[in-house]
Amino acid sequence: MMDFCYECDEQWHAKGKRKDHHRVSVIQSAKDSKKDSSLCFLLINDREELMVSDTDEFIVKLRCDKTAKIKVVSIFGNTGDGKSHTLNHAFFQEEVFMTSSAQSSCTIGIWVAYSVRHQAIFVDTEGLLGVCENEARRIRLLLKILAISDVVIYRTRAERLHNDLFTFLGDASDAYWKFFMPELQAASAKYKLDIPLSTLGPSVVIFHETQYAHLLGNDALKSREKQILSNMSSSSEVQTMCDEGSSLQPTPRMPGDVQPIGADELLRIRFSELGCIPKSFCSIEYVGTRTQTPPTDFSYFCKAVTDLLKNNAIRSPRQPEVILTALQVLNQKFSGDLEKVQMRALPEAYFSCQQGCLACGARCELSMNHKMDQVPHKITASRCRYHHQYDNKVYLCKACFDSGRESIVDCRIAGSADGSWMGLAKYAWSGSVLECTVCGVIYRSRQHWYGNQSPEIDSVKRENKHVWPEDLLTDTSLSSNTAVTVRKLLDGVSGVAEAITNVGSKPTKMISSWVSDQIAPDYWIPNYKILVCNECKVEFKPSQTKHHCRACGEGFCENCLIKLMPVPWRGWGTVPVKVCNPCHSKHNTKFNESLQMVEIEEAQTHGVTARYVGEVAQKAVSGAMNYSCGIILETARPTYWVPDEEILNCNVCKCDLNLKSKHHCRFCGQGVCDACSHQRKPVPSKGWNYPVRICDTCVKIYDQ
C-alpha cells in the first residue's frame, strides 16, 4: 500500500506541500517495476451479467473514495481501432487496459478503471464489427453503457468517416430518448437519489485519426489556400495551414470569399443526410489528428475530453453508488434473450421482385422481372386478407374444389345458357346467379320465396385473392359485385333509349317548341325566332333546348342562363328563377317592397300564369319520374360509387352539380360533370370489360 494525492494522482506531497489536496491509499501500480493488472476490472461480461455484487465491492475495485463526485467516460468504436490504447496513453500514460496484437479481440465485455487525476471512471467497451455470439446483445450492452456516461468517445482510424459511425450514434440517441431516459428518471424517484438527471444525453467526441487523408473540414481549407496563393503576390501575407492535430489554423479571408464549413457543421450535415439526427446528445465535437509517423498525438483529444469533464453546466458529477444503481436499473430492465442477428452479404431484397400485394402487403417470392417471362406473381408463405377497396374476394365452386379443381365462380344476372330477355326475367324473379364453368348455375339468390341460405354454406368456398398493382387494370376476377352487372344492364337500356330519343328528337323538339310558345308570356321571344344564343351568339342545333330569361324574355343556351333571382315585376313571385347575366346585374340591386307590389299587380297582363302553371306541372311529373328512376339507380349503384345525394361538386373541376347532370367515373366511383369525363376506357378490375366513362384524373392513372 502507498499514499497517493486524490487531486493530482501523484505520490503524497512531502513536508506538507499542497495542504489543500488530500490523501487516498491505493495498491501500488505499475509505476514501480511491474504492471498491476488490477488497475482495471471486468464490470459486465459479454452475457450482460454484472460482475460486482454490491456498491462496496464496486468502490473497492475502483479504489476511490465513497463520497467522491465523479463522472463516466466511455469509448466506442470498431474492433482493432485502438480504443484501449487510446485510453492508456491519453489519460493514464501507462498500460491500464489490456491491448494485444493478436487477431482476436482482447476486450470482451465492459472493463472500467478509475482516474484520480480526472476524477472519472473510464470504461473500455467491446469493439463493434468483431466476432461475437450474439450481435444484438452486444449492441444492447453498449447502449446501456452509453446511457450512464457523461462523455462518449467514438474512436476511428478509418481514412474517411463511415456510415456505421453515424448510424450507431443516431440509434444510440433514439434509444436514450425512448427507453433509457424514462427509466433513469423513474429510478431517481424510486430510490430517492440525489442526482440531477438531465433530459439531454452525454457529450460526444468523435476522435478521428488518419494517415493519408485530410481531416474533416481540411479539404475546404486546402482549396482556399490555393485560391489565396494564386491571388496574393506577397507570400508574407499568407498564413500556412497545417494538417497535424485537430486545430485548423485560420487563413486570411478574401473579399467575397465564402467562409469554409467547419468539421462540426459537416458532421451535422452528414447526420441529416442519413436521417440519423442525434437529438438526445448535449453536444457533438470532432477532434482529428493526422499521424504519418507514430506515435499518435493525443494532446488535442485529451484537452477536449478534459474540458467536457470540467463542464458541470448540464451534467453534474455524482457518487459511485449512484452510477452503479443506474447501471443496475438499466441492466435489470433491459435484459433477456434476443434473437441472433445474422449479417448476410446476399440479402434477398437485392434480387427479388419488389412488388407487394396491395391488400395484405406481402412481397412476391420470385426474382426480379419475372413478368418478362410471363410468370405471374407468387406468394405461398401467407394468406391474403380481404380489403374492401379492392373487393378481392373470389368464390370457388365447392364441388370442383372437393374433386381437386379450382374453378372461380362468376356472379351474373343470368346464366350463360339463358337469352337476354329470359335472363332478365329470371333475374327479376329469382335474383342473380353464381355460375361455374364446369357445373353450370350452382346458386340463385332468390331461388325460394323464403329461407334462402348464403352460397358459402353449400355452393361455394370463399378465398381472398392477392391484388397486384397491374391487376387493377387487367384482372376481371376482382369484381364480383352484382350491382356492377345490374348497372351494365341499365346502361344498355339507357343507350337504347338514347338512340330512340335521338332518332325522334327533331319532330319532338318542334312539337315541344310550339306548345311552349302557346303558353309563353307575351314578352317572351317565340322559339322559332330564336336562332342563336343572345349572349354567346352560338347557333342552336335542332335537338338543343332554348331557354328564356324570365326578366327580359330573350333566348339563351343552357350555359349562359345560370343565374337565379326573384322577378316579381314579371309575375314570377318571390321564388328565384332563371335570368341572364345582364338582367341579373341590372335588377339585382333595385328591389324594394313598394315597387314589387305595384309591379306584381301590373304583371297580370303579361300572361305569365299559364307558363307558371305549365312549369309547376312539368316539375311535378318530372320529379315523380326522377324519384322512381332514382330508386332504381340507387338499387343498382355499385358499392364503390359515391351516392348521388352526397355529390355536390365535380371531383375534378369542383363545379356545382346541382344544376348539371351527375355522372360517375367507373374507375374511382366519384361524381363528375360531363366535361371532365368525356373519355372512355375499359375497367376490367371493376367489372367493366368495354369502354366506359372515366374522369380525367383517373385517365392519367390509367395511362401510367
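This note goes through the cysteines and some backbone features of the structure, which is a predicted model.

1. On the cysteines, it helps to recall that a disulfide is a covalent bond between the sulfur atoms of two cysteines. The count for this model comes to zero disulfides. Cys 533 is in no disulfide, and the nearest cysteine sulfur, which belongs to Cys 536, lies 3.5 Å away. Because a disulfide requires two cysteine sulfur atoms within 2.5 Å, that pair does not qualify.

2. A second pair can be read in a similar way, since the sulfur of Cys 549 has its closest cysteine sulfur in Cys 552, at 3.6 Å, which is too far for a bond. As for the surroundings, Cys 533 counts as buried, with 0% relative accessibility, and Cys 549 also counts as buried, at 0%.

3. Turning to the backbone, the peptide bond that leads from Pro 294 to Pro 295 is cis, and its omega is near 5 degrees. Pro 295 sits in the loop that runs between strand S9 (281-290) and helix H7 (299-310).

4. Arg 63 is not a glycine, yet it has a positive phi of about 60 degrees. This residue is placed in the loop between helix H1 (55-62) and strand S4 (71-77), and Arg 63 is buried, with a relative accessible area of 14%.

5. Leu 129, a residue other than glycine, likewise has a positive phi, with a value near 65 degrees. Leu 129 is found in the loop between strand S6 (120-124) and helix H3 (135-147). Whereas Arg 63 is buried, Leu 129 is exposed, with a relative accessible area of 60%.

Key:
Residues numbered from 1 in each chain as written. Predicted model: local features only at pLDDT ≥ 70, side-chain atom pairs only at ≥ 80, totals over all residues. Heavy atoms only, no water. Buried < 20%, exposed > 50% of the residue type's maximum accessible area, 1.4 Å probe, protein only. Helix = DSSP H or I, 4+ residues; strand = E, 2+ residues; numbered from the N terminus.
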